[in-house]
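Biologist: I should be grateful for a close look at a single part of this model. Please explain how that part is put together and what surrounds it.

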Amino acid sequence: MAKNANMHAAKKNQNDEFYTQLADIENEVMKYKDQFKGKTVFCNCDDPEQSNFWKFFELNFDNFGLKRLISTHFDDNQKSYKLEIIGDIDGDGRVTSKDIVKTPLKQNGDFRSPECVDLLKEADIVVTNPPFSLFREYIELLEKHNKKFLVIGNNNAVTYKETFKLIKDKKLWLGFTSNTTMEFQVPQGYKFSRQDGNNLYGKVPAISWFTNLEIKKKPNIPILIKKYNPKDYSQYDNYKAINVDKVKDIPYDYQGVMGVPITILGLQYSDGYIHLLDHMSNEMRYEIVARADANIANETHPCYIPGFKDKGGAPIVNGNFVYKRILIKKI
């Protein structure tokens with residue numbers, strides 16, 4: 001994440017100051033290579049002169065067949081600048097750092113500023129690591145302007161009301177890398193796991209890529225071998241659904257609604273469905289019905305049974321609270 005991590009409400013939130021490593025960017029972005037050809041890419045939460053997002057696309061400008069690359073720098077207290085590549089302007093036959101154009105901004109480079117929103121409107125795909133504390137607002141901005149995107153966030157963001165609606169409406173899904181521990185470069189004072197020169201690196205759990213780029217296949221689809229029986233799969237006290245504690249324990253023959261761990265969303269494709277394999281390795285598709293957590297109060301819900309002391313919807317099994325769930329059903 002770039003220095004936009006310090007902007008306004010997020011500027012004192014140290015948990016926003018995570019700087020993504022080049023290898024992690026390459027590992028995810030290369031899987032979508034064909035979707036970038038002829039496109040304008042905007043990195044709007046990056047310090048372009050230090051950002052590995054900018055570095056990756058600068059190095060791969062020709063390889064990806066990009067039309068244009070833009071990145072804006074944020075400065076909390078003064079006017080800032082943008083970097084831009086539009087092609088081989090020095091005529092040496094390839095795009096290099098010599099083709100970078102630096103232009104002053106009239107504003108401070110905040111991704112929400114009118115100037116940066118105008119640049120967003122010109123972009124085809126946005127790729128960056130936005131401030132975690134502003135994730136809701138950031139995704140809403142991309143959705144408002146109908147942009148393609150590939151961005152990093154905390155996996156728990158899938159249960160945000162705003163994010164989950166997009167997931168359920170088949171407008172957003174997790175990338176190839178989801179719910180993983182990722183190592184970021186972190187600021188002084190943050191807990192770190194290793195040091196390389198003056199740079200500190202810390203491991204952050206439950207990190208996912210969020211995207212609306214096309215994904216037709218994901219690796220390591222689990223094979224389900226368990227059949228349903230009432231003894232092993234309890235009904236929720238406050239939801240019309242059964243509880244399943246682990247994805248691998250989903251009963252392949254069950255036709256009703258199930259509450260499963262939120263990590264199931266890592267198996268959602270761009271068709272909007274979750275894909276699993278049954279005991280004969282036949283592919284099965286599941287639709288996302290709703291979420292089951294403590295934030296569904298006052299929402300219209302297809303499975304919730306009101307009247308419980310459940311902290312606003314936190315799922316209960318035999319009188320005991322369980323962790324938030326995603327409700328799914330085989331189609």
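Modeller: Helices (H or I, at least four residues) and strands (E, at least two residues) are taken here as DSSP runs, numbered from the N terminus. On that basis the chain has six helices and 17 strands. Its radius of gyration, taken over C-alpha atoms, is 22 Å, close to the 20 Å of the globule rule for 331 residues (2.2 Å times the number of residues to the power 0.38), so the chain is as compact as a globular protein of that length.

The model is predicted: local features need pLDDT of at least 70 and side-chain atom pairs count only at pLDDT 80 or more, whereas totals for chains, interfaces and linings use all residues. Residues are numbered from 1 along each chain as its sequence is written, and side-chain values use heavy atoms, with hydrogens and water left out.

Some further values set the scene. Along the principal axes, the C-alpha atoms fill a box of roughly 70 × 40 × 40 Å. Of the 331 residues, 53% are buried, that is, under 20% relative accessible area, with exposed meaning over 50% and partly exposed in between (1.4 Å probe, protein chains only). The accessible surface, from the Shrake-Rupley method with a 1.4 Å probe, is about 15500 Å², and carbon and sulfur atoms contribute 46% of this surface. Among contacts (heavy atoms within 4.5 Å) with a separation of 6 or more, residues 24 or more positions apart account for 66%.

The part I have chosen is an open sheet of five strands, in which strands count as paired if DSSP finds at least two bridges between them. The order is β11-β12-β17-β14-β13, and the pairing is mixed. The edges are occupied by β11 (242–243) and β13 (274–277); each has a single partner strand, so one side of each is left without a neighbour in the sheet. At the first of these edges, β11 runs parallel to β12 (residues 258–261), the two being joined by two bridges. There, Ile242 is placed opposite Met258 of β12. The sheet also carries a helix: α6 (residues 161–168) packs on it and touches β14 (283–292) and β17 (325–330). The direction of α6 makes about 150° with that of β14, where axes are lines fitted to C-alpha atoms, for helices over the stretch in contact, and angles run from 0 to 180 degrees between N-to-C directions.

Strand β14 deserves particular attention. Seven of its ten residues are buried, and the strand is mostly covered. On one side, β14 pairs with β13 in the antiparallel sense over four bridges. These two strands form a hairpin with five residues between them, and Ser281 in its turn has a positive phi of about 65°. β14 also runs antiparallel to β17, to which six bridges join it. Tyr286 of β14 takes part in both pairings: Ile274 stands opposite Tyr286, and Lys330 is the bridge partner of Tyr286 in β17.

The loops that adjoin these strands also meet. Tyr239 is in the loop between β10 and β11, and its relative accessibility of 1% makes it buried. Leaving aside residues up to four places away in sequence, the contacts of Tyr239 include Arg291, Ala292, Asp293, Ile305 and Leu327. Ile305 belongs to the loop between β14 and β15 (316–317) and, at 29% relative accessibility, is partly exposed. With the same exclusion, Ile305 touches Asp237, Asn238, Tyr239 and Lys240. Its C-alpha atom is 15 Å from that of Arg325, 20 residues away along the chain. By contrast, the C-alpha atoms of Tyr239 and Ile139 are 29 Å apart, at a distance of 100 residues along the chain.

Helix α6, finally, leads to a neighbouring element. In helix α5 (residues 135–144), the buried residues are Phe135, Tyr138, Ile139, Leu141 and Leu142. They fall within an arc of 155° seen down the axis, as judged by the directions from the helix axis to the C-beta atoms, so they line one face of α5. These residues pack against α6, as well as α4 (114–122), β5, β6 and β10. Just after α5, Asn146 has a positive phi of about 55°.
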